[in-house]
Every structure is written in C-alpha cells, then in structure tokens.
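The following account is intended to be read alongside the coordinates. It proceeds element by element, and each step can be checked in the viewer.

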Amino acid sequence: MATTRLFAPIRRRLSACVLAVFASQGALAQAPPDLDPAQFQVAEQEEAAATALGIKASIGLDAWDRRRAVDGVADAGMRSVLDLRREWHLGSGWSATFSGRLEGTGDGHTGTVHKALREAYVAKRMGDSLFVDVGRINLRSGVASGFNPTDWLREAAALPQTTQNPVSLRENRLGTVMLRLQAIENWGAVQLAVVPHLAQQEDGASPDGLAWERTNDDKALHVRVAPQLNDALSLDLLAYARENRHPQWGLNLTSVLHSALIAHAELATGLREGLAAPGVAPSTHMQQRVAAGFNWTTPQGTVLTVERHSATDALNPQDWEAWRLATDRPTLRGLAQLRTQRSDLQEPLVRDAWFFRAAVTGLSERANVDLGAFVRLNAYDHSALWQVDGAWHVRPRVSVYASLGGFVGTSLSEFGANPTRTLMSVRLETVF
C-alpha cells in the first residue's frame, strides 16, 4: 500500500530521532510543577494567543498507516480548526472566560464537523481571599505528567483528537458545569466544586457541542485542600463524591529535592470495580492508583520526566495473560472492546506502566523550533505508545506543527493490537 511505503523510511529514522530527543540539551515545554499551594491551575497553562481576538485557525493533513486496510476508510484526510480562547475583565472583580472549538474533517468523499464548548464561565473576586466561579470549567487535578489518578473529572470529557499527548488531552477536553469556590488564607487554600445534574447519560455525540450528558449526568462534589508547608514541599488533599458511585480520596505531593530535581507523587484510593480475567465476574474492593516520578533539569536546561504508574483496579499479569491467550471469538471481541473503552476513558488497562518524556525548546539561536517526545510502556508485554511533536514558529503569529506517533508491539500486546501502526499529522496555524 502507498501509505505503508511512505511511512517505512520515517519509522526507520524515528528510533534515532527519539534517542536524540532524550539525549539532547534544551528546555522542556512543560515547566516544573508550581509549588505554591494557593495556585489551583495546572502547570500546563492553556495556550492562549496574546492577541485581541484570541482565535487560532489551522489547516492540516492527517495520514494513517494501518495494519489492515479498512474498506471505505481513507488513509489520509484534511482537518481545519477554529479555536477560540478568550478572557474578559469586566471590572469590579468580575471576569468571563470562553473556550470553544469548531473542527472539520474530510477525506474527499465524506466530511464531518465537530463543535465543542470546552469552557464558559464567569468569575468574581470577593476581597483578597475568596473567588467564586460559575459555569463550564475544565477543572484539572494532579501533579503527574502521563497519568493523573486524582483527575476524576476527565471521565467522558475527552474530545476527538489525533494526538495522544496527555498534556493536550487535558487541555482540549470538555469542562464540567459547576459552582467553584476558592479561598486562600495564611495557612493554605481550599477549593470546593459543586456539580449539578443536567442531563442523563446517552449514547452518541452531542450535535450542539454542549454534551451535558457526558459531564453532568450525576451530581458530584469535589474538594481540594492545600495546606501551606514550605518552599520545597507542596501537598494537596482531595475528595470526590459522585451520585451512584463510591467516594474517592486523593493526595498530590511535590518535593524539591535539589534545584534541578523535583519529585512528585499522586495517589487515589477508594472502592472501585476492578478488571478481571475473561469469564470472571469483576468485584469491588478498595483500589489504589499511583503515579510517581521526577523531573530532572540538566545544566543546559533540558527537563526529563520519568514516571511509574500503578493501578490495582486494572488487569494484573495473570489476568492480562489470560486475555491475551484467549482464542474464542466472543473473548477476542470482548478484549477489543475493553481496549477501546479504557483508551477512550484514558484509563489504564494493566496495573503497571512506565512513562518517559523529554522536549527541547529553541533548538538553535536562529531557528525558533520546539521538539518533544514521549513513550508510554506496558510493563508486562513491553508494547509501547510513542509520539514525537515538533513546532516551527515561523513568525510571532504563524507556526507549523507536526507530530508522528505509533503503536509498537506484538499482535497480542496492548498497543501492538491497535489497528493503526503509525499516525502523522501536519498543520499550519495562525492566530488573530
């Protein structure tokens, strides 16, 4: 197939490229976590255009190298996007925020249009220590990079994207309608988010881009307490309760071990139904999810991230092997559905995994180019998901973005069974 021949030389060069990224000396696109416990925004701030309109427009090409040809499905397609992120300061402590996306895709024969209202809320600052927000808000929790056990509101909030970059997935998702109260005191800070019930859960995409049934299908309560410790240590204590579900508890810890080394750990625990071997009924127990690692800044400015992920509610080695060795069609279909479901929910399939990331900003003094790469590794079958991202900022308001990613492993592995072998995306973007 022509697409396969196109990707063959690219794949051969990729191994050297990934090794070069991890060995290179530069600066990571994502800064180390902010250690101020009064800050409730994640370290990866939303990319907002420093212009009056706050609009980004892009057009690009996506191409897939599939392991098996699919009848009626093209191997390449065009994608155009209008993206708006805007904040208005209204005076007297009031502000308003809007974030929306209009995306069209087509392959010359068929086309689709996706609309998404990511955020839309008003905020009021009441004095020096109390803040009130009302509306759809993308509330993100967690200090880890590749997997966030305490980011409970990500469930069912993902939007269709070509990237597998966890930072982009966190940023470009549906927010949840809520009333959020934040108070900052000398001892620390506290946040309370109350989520109302707006719509029943339904199958299918929401044509108007609102999708209340995905983010507000049940009432929920999210609490976060961040006591002030010291300049080298930050702590978040979290609790999450949702109607018809068991309460969950969480902890985020960040520690500056050295001026160039920051360690982080994220823990969530609570009653949760775990995955089981084929034919075995799942059971509910106290489950723990952990993401722990560190960010190391080299003397030249590169920050390398290494994380270990563990989730006791996912498949243990024996259960995963039982799924892999199954040969009957119903079990094979069940495994395919399980893989797809866990991927869509950004949930771990197996209990143990590794995550590595590196990036370079400003590859040279003359070229304003950024390059990053990450790898997610299944600790049992050693299959991997990888992606390399590049950005060339041609002018202050014009950039070219490219990404190349893929799924590596045997046909019985977690990532090697993915029908897509390699995905390439290139786009031209301008801001207004």
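The paragraphs below treat a helix and its surroundings, then a loop residue, the salt bridges and a set of paired strands.

The structure is a predicted model. A convenient starting point is helix α5, which spans residues 329–344. Helix α5 has 16 residues and reaches 23 Å from its first C-alpha to its last, close to the 22 Å expected at 1.5 Å a residue. Its buried residues are T331, G334, L335, L338, R339 and R342. Seen down the axis of α5, these residues fall within an arc of 140°, so they line one face of the helix. The spacing has a general background: an α-helix has 3.6 residues a turn, so residues three or four places apart point the same way. The buried residues of α5 pack against β12 (284–297) and α4 (317–325). The face turned away from that buried side carries the exposed residues R329, P330, Q337 and D344. Just after the helix, Q346 takes a positive phi of about 55°.

The loop that leads into α4 also deserves inspection. N316 is found there, between β13 (303–311) and α4. At 17% relative accessibility, N316 counts as buried, because the cut-off for that class is under 20%. A polar atom of the N316 side chain lies 3.1 Å from the backbone nitrogen of Q318. Leaving aside residues up to four places away in sequence, N316 touches R351 and Y380.

Charged side chains provide further links. Side chains of opposite charge can pair when their charged atoms come close. The structure holds 23 salt bridges. In one of them, R118 pairs with D83, the closest N and O atoms being 2.8 Å apart. R118 lies in strand β4 (residues 111–126) and D83 in strand β2 (residues 76–91), so the pair ties together parts that are 35 residues apart in sequence. Both partners are buried: R118 has a relative accessible area of 1%, and D83 has 3% relative accessibility. R118 and D83 also belong to a network of salt bridges that links D62, R79, D83, R85, R101, E103 and R118.

A further salt bridge involves the strand against which α5 packs. R289 pairs with E347, with the closest N and O atoms 2.7 Å apart. R289 is in strand β12 and E347 in the loop between α5 and β14 (352–361), so that the pair links distant parts of the chain, 58 residues apart. R289 and E347 are buried. At the start of β14, the side chain of D352 meets that of R308 in a salt bridge (3.9 Å, N to O). This pair connects strand β14 with strand β13 across 44 residues. D352 is buried, with a relative accessible area of 18%, whereas R308 is partly exposed, at 31%.

The description ends with strands β15, β16 and β17. Strand β15 (residues 369–378) and strand β16 (residues 384–395) pair in the antiparallel sense over nine bridges. Within this pairing, L377 stands opposite A384 in β16. The two strands form a hairpin with five residues between them, and H382 in the turn has a positive phi of about 65°. On passing to strand β17 (residues 398–408), β16 again pairs in the antiparallel sense, over eleven bridges. Here the bridge partner of H393 is S399 in β17. A hairpin through two residues joins β16 to β17.

How values were computed: Residues are numbered from 1 along each chain as its sequence is written. This is a predicted model: local features need pLDDT of at least 70, side-chain atom pairs count only at pLDDT 80 or more; totals for chains, interfaces and linings use all residues. Side-chain values use heavy atoms; hydrogens and water are left out. Two strands pair if DSSP finds at least two bridges between them. Helices (H or I, at least four residues) and strands (E, at least two) are DSSP runs, numbered from the N terminus. The expected span of a helix is 1.5 Å times one less than its number of residues. Buried means under 20% relative accessible area, exposed over 50%, partly exposed in between (1.4 Å probe, protein chains only). The arc is that of the directions from the helix axis to the C-beta atoms. Contact means heavy atoms within 4.5 Å. A polar contact is a pair of N or O atoms within 3.5 Å; within protein, one must be able to donate a hydrogen and the other to accept it, and residues adjacent in sequence count only if both atoms are side-chain atoms. A salt bridge is a side-chain nitrogen of Lys or Arg within 4 Å of a carboxyl oxygen of Asp or Glu.
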